[in-house]
Every structure is written in C-alpha cells, then in structure tokens.
Amino acid sequence: MKELLLQYAQYNVWANKRVIDAMLKMEDGCTDREIISSFSSLRATVCHTWSAEFIWLQRLQLVEYPAWIANDFAGTFEEACSNWQQVSEDFVKFVEKQYDDRALQHVLQYYDRAKVSHKTPVYHVLHHVFNHSTYHRGQLVTMLRQLAARDIPSTDFIAFVWKK
C-alpha cells in the first residue's frame, strides 16, 4: 500500500507542476478571468485546491487547529502556485516517512470546517487528497482551453508512468 500511495503522491506533484507551468505561461489577466466552473477563475481553483491539500496535510500532521488558507491569501498567483506545489511535495515526504502499511491504516480523528468529528484511515485521506486534486486539475485544464491556452499538457496517470 505504501508504494502505491507514494507513487500517487509523486504523480500528484508531477501533474500539478505540468498544469501550473501551463497556467504560468498565460498572459496577464487570464488567471482572474471569470469562467463558469466550480470556482470562478484559475486563481480561485488553484487557491481552493492548494487549501484543500494543505488542510488535509495539517490534519495528518495532527495540527490541532488547521487553517483554511484560501480565505486569507492575498499573494500573487505565482505564489499560490508555488505554495500549492510545495504542499504537494510535502505529501511525498509524509508518505515516505510512514514506516509500513500499519501506519497508513491508522485511523485519524479530525473535525471538518463545520466542527463535525470524523474518523478516517490515513490511506483513505491520502487517496481522497490525490483524487480531489485530479478532479480540480481537470477543471483547470478545461478552463485553460476556454482561455485559448496552447500546449496544454497531459496529466494522465499513464503519462506519468510512461515518463518514468
């Protein structure tokens, strides 16, 4: 299980970087242009995905009061992308530090933003994080197409595997 989750964590870093690189090539103003999707712009989608990854990482690290950073972030789009990429890399480190599959089966207790208590195995949390990011990367790719981006990269898992 650890090897599979580590591969997914590495895939998440790789795929995020490919989408981020494509977004950073866009002309000024595109990152905030309103597009109909789950979130209103590239920036809003990046900030949501980064925040979601970060809050889950904080929970896994047993931070007592994890922060939802998107609400207070006032930095540049480039900074948001860099921070998102860093959190994704931190997931790789987190999985690498797990000693064996038993550590990944540990049940994490945490509270969601509505203060509802949940108990979830660590491996389910990790799978959720990587799947959630894949969902929003797909939205980012669709948004890039609507903004007439060129050279939109493939972020398919199999493309990651072929690269290796």
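In which helix is the place of Ala-52? I began my notes on this predicted model with that residue, and I found Ala-52 in helix H2. I then looked up its accessibility, and with a relative accessible area of 7% Ala-52 is buried, since buried means under 20%. I also noted its distance to Ala-67, which is 15 residues away in sequence and 9.8 Å away in space, taken from C-alpha to C-alpha.

**Entry on the largest pocket**

I turned next to the largest pocket, for which I noted a space of about 340 Å³. Its lining is made up of 16 residues, and the ones closest to the centre of the pocket are Glu-64, Tyr-65, Pro-66, Tyr-111 and Asp-112. I asked myself which elements each supply at least two residues of the lining. They are helix H2, which runs over residues 42–60, and strand S1, which runs over 107–111. The largest share belongs to S1, with 4 residues of the lining. When I sorted the lining by residue class, I obtained 10 nonpolar residues, 1 polar residue and 5 charged residues.

**Entry on salt bridges**

How many salt bridges does the count come to? I have 4 in my notes, and I wrote up several of them in detail.

I looked up Lys-17 and Asp-21, which form a salt bridge with their closest N and O atoms 2.8 Å apart. Both residues lie in helix H1, residues 2–24, and they are 4 residues apart, which is about one turn of the helix. For accessibility I recorded 43% for Lys-17, which is partly exposed, and 33% for Asp-21, which is also partly exposed.

I then looked at Arg-43 and Asp-32, whose side chains meet in a salt bridge at 2.5 Å from N to O. Arg-43 belongs to helix H2 while Asp-32 sits in the loop between H1 and H2, so this pair ties together parts that are 11 residues apart in sequence. Arg-43 counts as partly exposed at 23% relative accessibility, and Asp-32 counts as partly exposed at 44%.

A further salt bridge that I wrote down joins Asp-100 to Arg-102, with 3.2 Å between the closest N and O atoms. Here Asp-100 is partly exposed at 28% relative accessibility, whereas Arg-102 is exposed, with a relative accessible area of 65%.

**Entry on helix H3**

I checked the length of helix H3, which covers residues 77–97, against what its residue count would predict. At 1.5 Å a residue its 21 residues should span 30 Å, and I found the end C-alpha atoms 31 Å apart, which agrees. I then listed the buried residues of H3, which are Phe-77, Ala-80, Cys-81, Trp-84, Gln-85, Val-87, Ser-88, Phe-91, Val-92, Phe-94 and Val-95. Where do these buried residues fall when H3 is seen down its axis? They fall within an arc of 165 degrees, so they line one face of the helix.

**Entry on helix H5 and the residue after it**

I made the length check on H5 as well, and its 25 residues reach 37 Å from the first C-alpha to the last, close to the 36 Å expected at 1.5 Å a residue. Just after H5, I noted that Ala-148 takes a positive phi of about 65 degrees, a positive value in a residue other than glycine. Ala-148 is found in the loop between helix H5, residues 122–146, and helix H6, residues 157–163. At 61% relative accessibility, I recorded Ala-148 as exposed.

**Entry on Lys-115**

I also looked up Lys-115, which has a positive phi of about 70 degrees although it is not a glycine. Its place is in the loop between S1 and strand S2, the latter spanning 117–121. Is Lys-115 buried or exposed? With a relative accessible area of 67%, I recorded Lys-115 as exposed.

**Entry on Leu-4**

My last entry concerns Leu-4, which I found in helix H1. At 45% relative accessibility, Leu-4 counts as partly exposed. I looked up its distance to His-127, and the two are 123 residues apart in sequence and 10.0 Å apart in space, C-alpha to C-alpha.

Conventions. Residues are numbered from 1 along each chain as its sequence is written. This is a predicted model: local features need pLDDT of at least 70, side-chain atom pairs count only at pLDDT 80 or more; totals for chains, interfaces and linings use all residues. Side-chain values use heavy atoms; hydrogens and water are left out. On a 1 Å grid over the protein atoms alone, a cavity is a set of points where a 1.4 Å probe fits but cannot get out, and a pocket is an open set with protein on both sides within 12 Å along at least five of seven lines; lining residues have an atom within 4 Å of a point. Grid points are joined across faces, edges and corners, and a volume is the space filled by probe spheres set on the points. Ala, Val, Leu, Ile, Met, Phe, Trp, Tyr, Cys and Pro count as nonpolar, Asp, Glu, Lys and Arg as charged, and the others, Gly among them, as polar. Buried means under 20% relative accessible area, exposed over 50%, partly exposed in between (1.4 Å probe, protein chains only). The expected span of a helix is 1.5 Å times one less than its number of residues. The arc is that of the directions from the helix axis to the C-beta atoms.
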